[in-house]
Amino acid sequence: MSQYQHLPRQADVLKLAQQAIELSGTVKLADLPRLRELLENDSGEVTVVLNFAQDEDRNRVVTGSVEAQLEVLCQRCLQSMTQHVATTLSLAFVWDDIQAKALPRHLDPVMLEDESGYLDLYAVIEDELLLSLPITSLHEECASGEDGTPRQFGDIEESGTDVTENPFSALEQVKNDLKKTR
Ligand SMILES: [Zn+2]
């Protein structure tokens, strides 16, 4: 299955794991309400690859990747910017804390609500995106508001210090010193 298709929201993850199914597809950003609140524009999609399997310890697991271009607000200039988010996931399906704690370190638990194995895949994907989104997003170089030229860190410091007086006062000091020695 190489072609990307719309990923189902609900899936029987236990059955998928038993059958070692790979699901690849897309999810609309507009379908992820918690993430959507943080975005300037929710017209895009998330690209998802999920490999369901049963590991050697008989854990029902899913590994895969989640990737999206997110339009967020730059915290420095408050203009919108594109934040590329890509993460891999490695999860095991469990029913309780005891199972969760018994998992090897490379697996994060996902709690199932009942015996059926049905899970909201979108919520899992949304969690992964929220975790991998930087706390603050910043342009590498913000465009300045007035003339459109990029503003860099040094500019503010250079214009902030008054360099024009310093050579003269330094010269004055030299003159005074010369007077004293005569
Ligand atoms: Zn900016």
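## Sheet, crossing helix and core

Val 27 has Val 46 of E4 as its bridge partner. This pair belongs to a predicted model, and the description below moves outward from the pair to the sheet, the helix across the sheet, the core and the loops.

**The sheet**

Strand E3 (residues 22–28) and strand E4 (residues 45–54) are antiparallel and share 7 bridges. E4 is also antiparallel to E5, over 9 bridges. Between E4 and E5, Thr 47 faces Glu 67 of E5. The hairpin of these two strands has 5 residues between them, and Arg 58 in this hairpin adopts a positive phi near 65°.

The open sheet contains 6 strands with mixed pairing, in the order E1-E3-E4-E5-E6-E7. Strand E1 (5–6) and strand E7 (108–111) are at the edges with a single partner strand each, so one side of each has no neighbour in the sheet. In general, the strands of a sheet pair through backbone hydrogen bonds, in either a parallel or an antiparallel sense.

Over the whole protein there are 6 helices and 8 strands, and along the sequence they follow the pattern β-β-α-β-α-β-β-β-α-β-β-α-α-α.

**The helix across the sheet and the core**

Which strands does helix H4 lie across? Helix H4 (residues 121–132) lies across E3, E4, strand E5 (60–73), strand E6 (80–94) and E7, and runs at about 125° to E6. Within the stretch that H4 covers, Ile 125 touches Val 27, Val 46, Val 48 and Val 66, when residues up to four places away in sequence are not counted. The bridge partners Val 27 and Val 46 are thus named again among the contacts of Ile 125.

The largest nonpolar core has 30 residues, of which Val 13, Val 27, Val 46, Val 48, Ile 125 and Leu 129 touch the most other members. H1, E4, E5, E6 and H4 are the elements that give two or more residues to this core.

Of the 182 residues in the protein, 18% are buried. Among contacts with a separation of 6 or more, 54% join residues 24 or more positions apart.

**Loop residues**

Three loop residues are listed with their locations and C-beta neighbour counts.

| Residue | Loop | C-beta neighbours inside 10 Å |
|---|---|---|
| Ala 20 | between helix H1 (13–18) and E3 | 10 C-beta neighbours |
| Arg 58 | between E4 and E5 | 6 C-beta neighbours |
| Glu 115 | between E7 and strand E8 (118–120) | 8 C-beta neighbours |

Is Ala 20 buried or exposed? A residue counts as exposed when 12 or fewer other C-beta atoms lie within 10 Å of its own. Ala 20 has 10 such neighbours and is therefore exposed. Arg 58 is exposed because its count is 6, and Glu 115 is exposed because its count is 8.

Two of these residues also have a positive phi without being glycine. For Ala 20 the value is near 50°, and for Arg 58 it is about 65°.

Glu 115 is 101 residues from Leu 14 in sequence, and their C-alpha atoms are 9.4 Å apart in space.

Note on methods
Residues numbered from 1 in each chain as written. Predicted model: local features only at pLDDT ≥ 70, side-chain atom pairs only at ≥ 80, totals over all residues. Helix = DSSP H or I, 4+ residues; strand = E, 2+ residues; numbered from the N terminus. Buried ≥ 20, exposed ≤ 12 C-beta atoms within 10 Å, placed from the backbone. Contact = placed C-beta atoms within 7 Å. Pairing = 2+ DSSP bridges. Axes fitted to C-alpha atoms, helices over the stretch in contact; angles between N-to-C directions. Core = buried A, V, L, I, M, F, W, Y, C linked by C-beta atoms within 7 Å.
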